Amino acid sequence: MRSPSWSRPRPPTPPLLLPLLLLLPQSPWPVWAQVSATASPSGSPGSRDCPEVCTCEPGGLATCSALALPAVPAGLSLRLRELLLDHNHLRALPPGAFAGAGALQRLDLRENGLHSVHVRAFWGLGALQLLDLSANQLEALAPGTFAPLRALRTLSLAGNRLARLEPAALGALPLLRSLSLQDNALAALAPGLLARLPALDALHLHGNPWACGCALRPLCTWLRRHPLPTSEAEAALCVWPGRLTLSPLTAFPDAAFRHCAQPLALRDLAVIYALGPASFLVSVAACLALGSVLTACSARRRRRAAALRRPRRPPDPDSDPDPHCSVSPADPGIPAAAAQA
């Protein structure tokens, strides 16, 4: 009786195929697992290395532009190197706004309508090299806002409403090479601001209402040492108060500021601050001592005047005179002249 076909034994593998099978690379993972691992992109939206609303690419780039975001998205990680948050609705930056992104190197915050930046908004971004805050509505910056950004090389504050920029706001940025201040409301730069930026070699100034006067002396001194490109130098103009004439900032030599008062050196300021309180205390002590002396002299004069005005007490005629000292004019032993005397 013939056995069914399904029960027939499998023909043996030809001996020539065995060496070929042994030469194939042996992988511990199935082929489908390898394909899915290669096909899934790293840092996709929703992963732990990428904010959920953003699009991330290999290399640490997170694109969150033009998403109408009202706040900085959550989920920032140390893998981020570049964060694009331009054209959103970030009206304010709270403390620790970029917590978790300590390795961030480039941050774009253009055109967000920013009104305020907290003094601790950029804490933890010690590796940041480029910060773009242009085309916002910033009117002032708190002292120490950029102090944590010690590695910063490029800073753009263009297109805001800054009327004054204090040295304490920028702080000491030893590596900053490019600073954009164009299209603001600046009339002058505070003394000492540029002195704390030793590596600065690119400064953009046009579009500000610079006022020609003594307040421009530190800026003009810096411009003589760091010449601007021709196009930038021609566009950086100041207006004379009470006139309608414009002058380039680079047209003022040091002799034009001879009539201006020299600013006090740090040594002079230290002497003033040290001697000021001491001289005040000495003056107060001297006034108190002089007042005490005048008060004592016045009291003494009053006592003398009171003693001189005191009336003498007349003798009492009813009192019994001393018989040894009294002399009776009727005494016959004494002459009348002596008795009268």
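**Exercise 1.** Determine whether E111 is buried, partly exposed or exposed, and describe its backbone.

*Solution.* Step 1: E111 has a relative accessible area of 41%. Step 2: apply the cut-offs, where buried means under 20% relative accessible area, exposed over 50%, and partly exposed in between (1.4 Å probe, protein chains only). E111 therefore counts as partly exposed. Step 3: E111 sits in the loop between β5 and β6 (116-117); strands (E, at least two residues) and helices (H or I, at least four) are DSSP runs, numbered from the N terminus. Step 4: the phi of E111 is positive, near 50°, and the residue is not a glycine. Most residues other than glycine have a negative phi.

The model is predicted: local features need pLDDT of at least 70, side-chain atom pairs count only at pLDDT 80 or more, and totals for chains, interfaces and linings use all residues. Residues are numbered from 1 along each chain as its sequence is written, and side-chain values use heavy atoms, with hydrogens and water left out.

**Exercise 2.** Locate A66 and state its accessibility and phi.

*Solution.* Step 1: A66 lies in the loop between β2 (61-63) and β3. Step 2: with a relative accessible area of 57%, A66 is exposed. Step 3: A66, not a glycine, has a positive phi of about 50°.

**Exercise 3.** Which parts of the chain does the salt bridge between R106 and E82 tie together?

*Solution.* Step 1: a salt bridge is a side-chain nitrogen of Lys or Arg within 4 Å of a carboxyl oxygen of Asp or Glu. The closest N and O atoms of R106 and E82 are 3.4 Å apart, and the pair forms a salt bridge. Step 2: R106 belongs to strand β5 (residues 106-108) and E82 to strand β3 (residues 82-84), so the bridge ties together parts that are 24 residues apart in sequence. Step 3: R106 is partly exposed at 40%, and E82 is partly exposed at 23%.

**Exercise 4.** Do the same for D254 and R217, and name the salt-bridge network.

*Solution.* Step 1: the side chains of D254 and R217 meet in a salt bridge at 3.6 Å, N to O. Step 2: D254 is in the loop between β13 (246-248) and α6 (266-308) and R217 in helix α4 (residues 217-225), so parts 37 residues apart in sequence are tied together. Step 3: D254 is partly exposed at 38%, whereas R217 is buried at 15%. Step 4: salt bridges with shared partners join D86, D108, R110 and D132 into one network.
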